[in-house]
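I opened a fresh notebook page for this one. My plan was to begin at the ligand and then look up a handful of single residues.

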Amino acid sequence: MNQRLWTFAGGKHGQFSIDSVTAVRGEPLPTAPRLDVTQRADRPRDATYVLRGVVSNERYVNRGEKGLLVSKQEALGRAEATCSVLIPIKKSEAWWGLSQDERRAIFEDQSNHIALGMKALPQVARRLHHCRDLGEDAPFDFLTWFDFQPRESAIFDDLLGALRTTEEWQFVEREVEIRVTREPGTSSK
Ligand code: HEM
């Protein structure tokens, strides 16, 4: 089993009930009652759609930022963190045509992605999955996955609002926001 591969399947089964699906930019995803989040490599039963991504090495964080992140961030799956959000994102060819230093300049120097995100820690936990190298037909470049307590929703909403006004988001050509709930007492990472 590839421990870095995660599968998100919308369909009839899964630990999470889907509360809303919003096409923020570009094509939507189909509606489905439940979201299944697993590390299985096979296609889940009765899935309406399947999205896959791998946890990879970091591309942008510097040593100082990494230290701050590690000291502040919490793990996914805390018992009380019953609100989760899956946001698949595709960036434009213009983004992928930039050099690494140009991307870092837009990502942090101009957009403050890490600094903004840091303000949502430790209330919001997160995991970033990369999809781009899994196949040319991958519909998204990233699957971003978050959880938090219901009473911390505003912190997450404020962060989303701030990120979407940044220079970095000028390069986002498809974004879907899937809000889900896990029943208290059940567990999932
Ligand atoms: C919860 C607070 C957040 C923190 C602390 C945070 C932090 C980070 C960090 C450190 C990276 C860079 C990883 C690397 O070095 O490769 C990153 C990448 C990314 N984050 Fe966030 N983030 C947060 C929230 C969000 C949200 C809400 C979204 C989506 C709406 C998002 C979308 C992304 C994407 C798409 C990337 C990949 C960018 C790329 O490689 O082009 N992040 N985030």
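Below are my entries, grouped by topic.

**Entry 1: the model and the iron**

I noted at the start that this is a predicted model. My opening lookup was the metal: which protein atom is the donor of the iron atom of the ligand? I found NE2 of His113, at 2.2 Å, and this is the only protein donor of the iron. I then located His113 in helix H4, which covers residues 113–118. I also saw a polar side-chain atom of His113 at 2.9 Å from a nitrogen atom of the ligand.

**Entry 2: around the ligand**

Next I listed what surrounds the ligand. I got 26 residues around the ligand, and those that come nearest are Arg59, Tyr60, Val61, Lys91 and His113. Two backbone contacts went into my notes. A polar backbone atom of Arg59 is 2.6 Å from an oxygen atom of the ligand. For Val61, I found a backbone N or O atom 3.0 Å from an oxygen atom of the ligand.

I asked which helices and strands each supply at least two residues of the shell around the ligand. My list reads strand S5 (83–91), H4, S6, strand S7 (142–148) and helix H5 (153–163). I also checked the pockets, and the space taken by the ligand is the largest pocket.

**Entry 3: Arg174, buried or exposed?**

I was curious about this arginine, which I placed in strand S8 (residues 172–182). Arg174 counts as buried because its relative accessibility is 15%, and the cut-off for buried is under 20%. Its side chain turned up in two polar contacts. One polar side-chain atom lies 2.9 Å from the backbone oxygen of Glu27, and the side chain also reaches the backbone oxygen of Pro28 at 2.9 Å. Leaving out residues up to four places away in sequence, I noted that Arg174 touches residues including Arg25, Gly26, Leu29, Pro88, Ile89 and Phe140. I took one distance as well: the C-alpha atoms of Arg174 and Glu136 are 16 Å apart, with their positions 38 residues apart along the chain.

**Entry 4: Ile89 and Leu51**

Ile89 was on the Arg174 list, and I followed it up. It sits in strand S5 and counts as buried at 7% relative accessibility. Beyond its neighbours up to four places away in sequence, Ile89 touches Phe140, Asp141, Phe142, Trp169, Val172, Arg174 and Glu175.

Leu51 came next, in strand S4 (residues 47–54). I wrote it down as buried, at 5% relative accessibility. With residues up to four places away set aside, its contacts include Trp6, Thr7, Phe8, Leu86, Pro88 and Leu143. I also noted that the C-alpha atoms of Leu51 and Ala9 are separated by 6.3 Å, although these residues are 42 apart along the chain.

**Entry 5: two charged-type names on my list, Asp147 and Arg103**

I found Asp147 in strand S7, and it is buried with a relative accessible area of 3%. Outside its neighbours within four places in sequence, Asp147 is in contact with residues including Leu76, Gly77, Arg78, Cys83 and Gln123.

Arg103 lies in helix H3 and counts as buried at 11% relative accessibility. Apart from residues up to four places away, Arg103 touches Tyr60, Trp95, Trp96 and Leu98. I made a link back to Entry 2 here, as Tyr60 is among the residues that come nearest to the ligand.

**Entry 6: backbone oddities**

I finished with the backbone. Where is the cis peptide bond that involves Pro122? I found it from Leu121 to Pro122, with omega near 5 degrees. Pro122 lies in the loop between H4 and strand S6 (125–130).

I then looked up positive phi values in residues other than glycine. Asp46 has a phi of about 55 degrees and is in the loop between strand S3 (34–38) and S4. It counts as partly exposed, at 43% relative accessibility. Asn112 has a phi near 55 degrees, also positive, and I placed it in the loop between helix H3 (100–110) and H4. Its relative accessibility is 37%, which means that it counts as partly exposed.

Methods:
Residues numbered from 1 in each chain as written. Predicted model: local features only at pLDDT ≥ 70, side-chain atom pairs only at ≥ 80, totals over all residues. Heavy atoms only, no water. Donors = N, O, S within 2.8 Å, 3.2 Å for Na, K, Ca; no water. Helix = DSSP H or I, 4+ residues; strand = E, 2+ residues; numbered from the N terminus. Buried < 20%, exposed > 50% of the residue type's maximum accessible area, 1.4 Å probe, protein only. Contact = heavy atoms within 4.5 Å. Near = heavy atom within 4 Å. Polar contact = N/O pair within 3.5 Å; in protein donor to acceptor, adjacent residues only side chain to side chain. 1 Å grid on protein atoms, 1.4 Å probe; cavity = no way out; pocket = protein on both sides within 12 Å on 5 of 7 lines; lining within 4 Å. Sits in = over half its atoms within 2 Å of the grid points.
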